[in-house]
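Me: I'd like a close look at one part of this protein, taken slowly and with its surroundings. Here is what I have open.

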Amino acid sequence: IMVRLVKGAYWDTEIKRAQTLGLAGYPVFTRKVNTDVSYMACAKKLLSMTDRIYPQFATHNAHTVAAILSMAKDRDSFEFQRLHGMGEALHETVRQAEGTRCRIYAPVGAHSDLLAYLVRRLLENGANSSFVHQLTDEEVEPEDIARDPLETVEHQGPAANPAIARPAAIFGAGRRNSRGVDITDPVTLAAIDKAKAEFAGSNRWHAKPITRAAGYGKERPVVNPAKPDEVVGTIHEAAAKQVATAVRIAVEAQPAWAKRPVAERAAVLNRAADLYEANAAEFFALATREAGKSLADGVAEVREAVDFLRYYAAEAANAETGTEARGAIVCISPWNFPLAIFTGQIAAALVTGNSVIAKPAEQTPLIAFRAVEMLREAGVPEDIIQLLPGDGPSVGAPLTADPRIAGVCFTGSTEVAKLIEKQLAETAAPDAMLIAETGGLNAMIVDSTALPEQAVRDILASAFQSAGQRCSALRVLYVQKDVEKKMLEMLKGAMEALHLGDPWLISTDVGPVIDDEAQASIRDYCTRMGLQGRLIAKLEAPKSGRFVAPHVFRVKGIEEMEREVFGPVLHVASFDADEIDAVIAAINRKGYGLTFGLHTRIEGRVQHFVDGIHAGNIYVNRNQIGAVVGSQPFGGEGLSGTGPKAGGPHYLRRFRKGPEAGTHVAEGHKVTATELADNLPDPTLGGWSTRPDRVAILRKHLRGKGAAAIGAAASIDFGQVDLPGPTGEANTLSLAPRGRVLCLGPDTDTLLAQAIQALAAGNAVLAVAPGAPAALSA
């Protein structure tokens, strides 16, 4: 039996994978010398069994070759192997001197198919620690190259390389990475299945409002979207009459919580994170049975929730200086991330000293109920976190209309976000907060230089993972015409490998959509598109359950999209190489700006898209879903949200406010909307938004005026800022001007400060307040 022994292959991939998955350790050595010694030990084992196996040693390392020669008595009982074009001199010398065999292997195929493999081999051999690299480096002494690895290991100290952080420590000392699991490991998978089995029974959970406000609404069953006849649990919804009392409780309790030291509030979040991880199996079961998520998505859901808790705990102190908590915050979360987004909203509000009234999505109240129970167990006082499950008219609307609330944190549709914005403008205090993260018509562009296999893998994940029910999911794919035919053929083939079914089964790739309404709406859309002759490919959905098969349709471009189809539906358009700027303009004209994906190997083109596309999160040569807390802060612009980005360094500050000035608002003449529109400045004129010396210019003209505002503006790092994360990727954060900013004062000092900071950030300013011209005159 031939047994081939190699070393170093995919080492960097294994390191990155362990960090990304949050594993306990690495499946490979983190010091090369340990790998060399392990290879020698394996070679010795193989050479001791040549009566049954035929060892094949693939190596270009002269020291390893010498070690094998010293251990092997029979030169005919094994062979060496080398890649064509590499290690020729070494192996020819050995063959002539020792009479050994050397098999030369070479990849065979088209250039486009082999390029990725050849690049990987070049990177491996070009690594600083590589024997091949060191042999050609004149600065490396021969004694270092020939040093005995056994002697090095004996004196090196700990086996783990201190320069490579363990997966749990990739974010530094202030925050532990969330614990993940490797669901490809049969032993791990068996343990998860055993733990989940406890939560497989019918009517397993019973949830209700968590509040001292008396009175319940109706009770109803919660069913499994993959098996609608299976009752997962029951929910007693809140009644509209409970809302006012719950708000009063939250408002009265909040000051005492805000007085608690920030370190205590942060410690509560860290304890909650530990409880989440300890109860991960229950959350996995709930995510699958209530929300229709696969195990992989369930694991990611729990990890993101844990990351939110620990990240905001670590960042909380940075938001405290010169600010105060806002008061009672209403958190309205969606069903597609019923634990992660639910937890992220609440954690941010709590750690910044606010009280929270949480309204989970109607479809997923059970997992929210368990989360709040754990938050209370971790130490959040009962009146500081209240849960009011229910629908929009009964709970959401009266909550957002209560004038006592200090703000709303919302994730959902753009239409509902606008209604909440209007409601807050009518009834809430002038400084009430609104953070809205809404949907998007997210695009990806694949040019002719992209690696087809990588692009297809990422298209498939971006469009169809989670049954396409992600705000970040890919909706419109642009493929350069030169490679369109091949890309679509590969995409169709990859789709055929997807398995639709019950997400409780590990074999399932695509699960159900959330409810009957979603299923009917998406199916109707697919039927209409099919009748128009636009179908490129589709799969078959299971007959029972709330399933919609993945579909791919042809469109001319994103301009044909009237709305976001929130499900496993991908639209494909093509473009010529000289139409890139037109594609960018078409994407921007839709007004959304959540995620964008790009596959290219042209570095200059990457920067062109980064500069041109209006999107909160831009992903290059990877999928465009699954933003990691602290590494890829998530949030859009335009119709896709208000900002700031969740899981980023600016998020918590939005849950705090500056001390109230108590300024009297002077009388002034009424300014109509038409007047405002007529006087809005053009932010593109003069190149102000792109100038790097904006603060210096303001200092020059102000000559000491508004010094505090100038100082505040100068302290802001507009980027690009490198963020921590797994090896092998770059994550950068930058701040872009909003465009036009309306400054309303009301007093002259405040107006000047507002204008300075808006201008320093690269915006165009319209100031409307009594005495505005005089206040802003140099």
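In what sense do β6 and strand β7 (residues 227-238) pair, and over how many bridges? Please start there, then carry on to whatever else is worth seeing.

Reply: Keep in mind that this is a predicted model. β6 and β7 pair in the antiparallel sense, with seven bridges between them. For one rung of that ladder, look at Asn224, whose bridge partner in β7 is Lys227. Zoom out a little and you'll find an open sheet of three strands, ordered β5-β7-β6, with mixed pairing. β5 (205-207) and β6 (216-224) are the edge strands, and each has a single partner, so one side of each has no neighbour in the sheet. Ignoring direction, neighbouring strands here are turned by 25 degrees against each other on average.

Two helices pack on this sheet. Helix α12 (residues 280-291) touches β5, β6 and β7, and its direction makes about 90 degrees with that of β6. Helix α15 (residues 365-378) also touches β5, β6 and β7, its direction making about 75 degrees with that of β5.

Now for another sheet. This one is open too, with seven strands in the order β16-β17-β18-β15-β14-β19-β20 and mixed pairing. Its edges are β16 (535-538) and β20, each with a single partner strand, so one side of each is left without a neighbour in the sheet. The twist from one strand to the next averages 20 degrees.

Within it, strand β15 (residues 474-480) and strand β18 (residues 569-575) run parallel, joined by five bridges, and Leu477 sits opposite Val572 in β18. Helix α22 (residues 603-612) packs on this sheet, touching β14, β15, β19 and β20, with its direction at about 165 degrees to that of β19. Over at β20 (residues 617-620), the pairing with strand β19 (residues 595-599) is parallel over four bridges, and Thr595 stands opposite Asn617. β20 has two unlike faces: Asn617 and Tyr619 make up the covered one, while Ile618 and Val620 make up the uncovered one.

Helix α18 is worth a stop as well. It lies across β14 (442-446), β15, β17 (551-554), β18 and β19, and runs at about 170 degrees to β14. Follow α18 (residues 452-464) to its meeting with α19: the two axes come within 10 Å and cross at roughly 55 degrees, and α18 and α19 are therefore oblique to each other. The crossing is right-handed. On the α18 side, the residues involved are Pro452, Glu453, Ala455, Val456, Ile459, Leu460 and Phe464, and they meet Lys486, Met487, Met490, Leu491, Ala494 and Met495 in α19. By class, that makes eleven nonpolar and two charged residues, with no polar ones.

While you're on α19 (residues 484-496), check Glu484, which is found in this helix. Glu484 counts as buried because its relative accessibility is 14%, against a cut-off of under 20%. Leaving aside neighbours within four places in sequence, Glu484 is in contact with Val479, Arg554 and Ser574.

One last strand to compare with β20 is β3 (residues 79-83), where five of the five residues are buried. Both of its faces are covered, with Glu79, Gln81 and Leu83 on one side and Phe80 and Arg82 on the other. β3 runs parallel to strand β2 (residues 54-58), to which three bridges join it, and Ala58 has Gln81 as its bridge partner.

How values were computed. Residues numbered from 1 in each chain as written. Predicted model: local features only at pLDDT ≥ 70, side-chain atom pairs only at ≥ 80, totals over all residues. Heavy atoms only, no water. Buried < 20%, exposed > 50% of the residue type's maximum accessible area, 1.4 Å probe, protein only. Contact = heavy atoms within 4.5 Å. Pairing = 2+ DSSP bridges. Axes fitted to C-alpha atoms, helices over the stretch in contact; angles between N-to-C directions. Parallel < 35°, antiparallel > 145°, perpendicular 65-115°, else oblique. Left-handed = near helix turned anticlockwise from the far one by under 90°. Nonpolar A, V, L, I, M, F, W, Y, C, P; charged D, E, K, R; others polar.
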